[in-house]
Amino acid sequence: GSKEAAQKPITTHSLADLSCGVFSTESIQKMEEIILSSLKWRINPPIAAHYISEFMQLFPAYETYCNDVCRNAHTLIYELSKYFADISVCVATLAIDHRPSTVAFASIINAVELIDSTYLPHAVRKSLLANISDATNTKEGSREVYEVRMLLRETCPAVTIGENNFSVQVGTIQGTDDLSNREASPVCVSGASLQR
């Protein structure tokens with residue numbers, strides 16, 4: 001019904017009709033080609049969160065090392081990593097200069113390091129990171145991965161690990177301390193506005 005109609009793509013013919021004759025189907029198609037060419041067809045690229053989902057498929061089999069403890073650790077690593085990846089889009093260097101797969105790997109490493117060995121045995125930790133490294137041909141200790149890890153650490157608020165969850169200390173994002181005396185903007189997620 002209505003869900004199928006919502007998923008139906010808009011055709012260039014429909015757009016031309018909507019323009020009331022201002023644009024032809026051909027001119028819309030030509031402009032679309034110009035835009036896609038200028039973007040080098042890089043539209044909807046995979047993001048770090050997509051890579052994290054894929055990388056977590058490489059988590060070692062639970063039976064080999066442990067049981068519910070590893071299942072909880074798997075979930076915690078996944079959630080922490082996605083949190084780090086979400087924060088990374090706020091840092092231009094991470095969003096522009098580094099591959100999303102590297103941000104994902106660095107996010108997973110940082111998440112793994114936050115989890116106590118009681119909840120994530122060393123063998124599982126080592127196996128997960130080795131599996132990702134082998135699959136991506138990226139070394140855990142490479143300069144790029146290290147740089148991204150450090151940027152994530154500087155950027156991310158304090159994270160506290162509980163038994164089966166994590167919490168974030170709000171208001172501790174690096175570089176936002178000096179914003180407290182400014183007016184709040186209704187559209188700014190940091191709660192700050194530009195100085196006038």
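1. Pro 121 sits in the loop that joins H8 to helix H9 (122-136). This is a predicted model, and the position of Pro 121 is read from it. With a relative accessibility of 25%, Pro 121 counts as partly exposed, because that class lies between the limits of 20% for buried and 50% for exposed. Across the chain, the C-alpha atom of Pro 121 is 8.1 Å from that of Cys 70, although 51 residues separate the two along the sequence.

2. Ile 115 is also placed in the loop between H8 and H9. Is Ile 115 buried or exposed? Its relative accessibility is 3%, so Ile 115 counts as buried, the limit being under 20%. Leaving out residues up to four places away in sequence, Ile 115 touches Ala 73, Leu 76, Ile 77, Leu 120 and Arg 125. For one of these partners, Arg 125, the C-alpha separation from Ile 115 is 9.6 Å, at a distance of 10 residues along the chain.

3. Ser 81 belongs to helix H6 (residues 68-88). Its relative accessible area is 0%, and Ser 81 is therefore buried. Which residues does Ser 81 contact, once neighbours within four places in sequence are set aside? They are Ile 52, Ser 107, Ile 108 and Ala 111. The C-alpha atoms of Ser 81 and Ile 109 are 8.3 Å apart, with their positions 28 residues apart along the chain.

4. Ile 52, a contact of Ser 81, is itself one of the buried residues of helix H4 (residues 48-55). The others in that group are Ala 48, Ala 49 and Phe 55. Viewed down the helix axis, the buried residues of H4 fall within an arc of 125°, which means that they line one face of the helix.

5. The packing of helix H8 (residues 100-114) against helix H10 (residues 143-155) can be described next. Two packed helices are described by the angle between their axes and by the distance between those axes. For H8 and H10 the angle is about 60° and the axes are 9 Å apart. The crossing of H8 past H10 is right-handed. On the H8 side the contact is made by Thr 102, Val 103, Phe 105, Ala 106, Ser 107, Ile 109, Asn 110 and Glu 113. H10 contributes Glu 144, Val 145, Val 148, Arg 149, Leu 152 and Arg 153. By class, the contact has 7 nonpolar, 3 polar and 4 charged residues. Ser 107 of H8 takes part in this contact and is also among the residues that touch Ser 81.

6. Two residues deserve a check of their backbone angles. Most residues other than glycine have a negative phi. Cys 20 is not a glycine, yet its phi is positive, at about 55°. Cys 20 is found in the loop between helix H2 (12-18) and helix H3 (25-38). Its relative accessible area of 71% makes Cys 20 exposed.

7. Asn 137 is the second case: its phi is near 55°, a positive value in a residue other than glycine. Where is Asn 137 placed? It lies in the loop between H9 and H10. Asn 137 has 65% relative accessibility and so counts as exposed, the limit for that class being over 50%.

8. Some totals for the protein chain complete the note. The chain has 10 helices and 2 strands, and its pattern along the sequence is α-α-α-α-α-α-α-α-α-α-β-β. Of its 196 residues, 32% are buried. Among contacts with a separation of 6 or more, 64% are between residues 24 or more positions apart; the contact of Ser 81 with Ile 52 is listed above. The accessible surface of the protein chain is about 13,100 Å², and carbon and sulfur atoms account for 54% of that surface.

Terms used: Residues numbered from 1 in each chain as written. Predicted model: local features only at pLDDT ≥ 70, side-chain atom pairs only at ≥ 80, totals over all residues. Heavy atoms only, no water. Axes fitted to C-alpha atoms, helices over the stretch in contact; angles between N-to-C directions. Helix = DSSP H or I, 4+ residues; strand = E, 2+ residues; numbered from the N terminus. Left-handed = near helix turned anticlockwise from the far one by under 90°. Contact = heavy atoms within 4.5 Å. Nonpolar A, V, L, I, M, F, W, Y, C, P; charged D, E, K, R; others polar. Buried < 20%, exposed > 50% of the residue type's maximum accessible area, 1.4 Å probe, protein only. Areas by Shrake-Rupley, 256 points an atom, 1.4 Å probe, with all protein chains shown as cover. Arc of directions from axis to C-beta.
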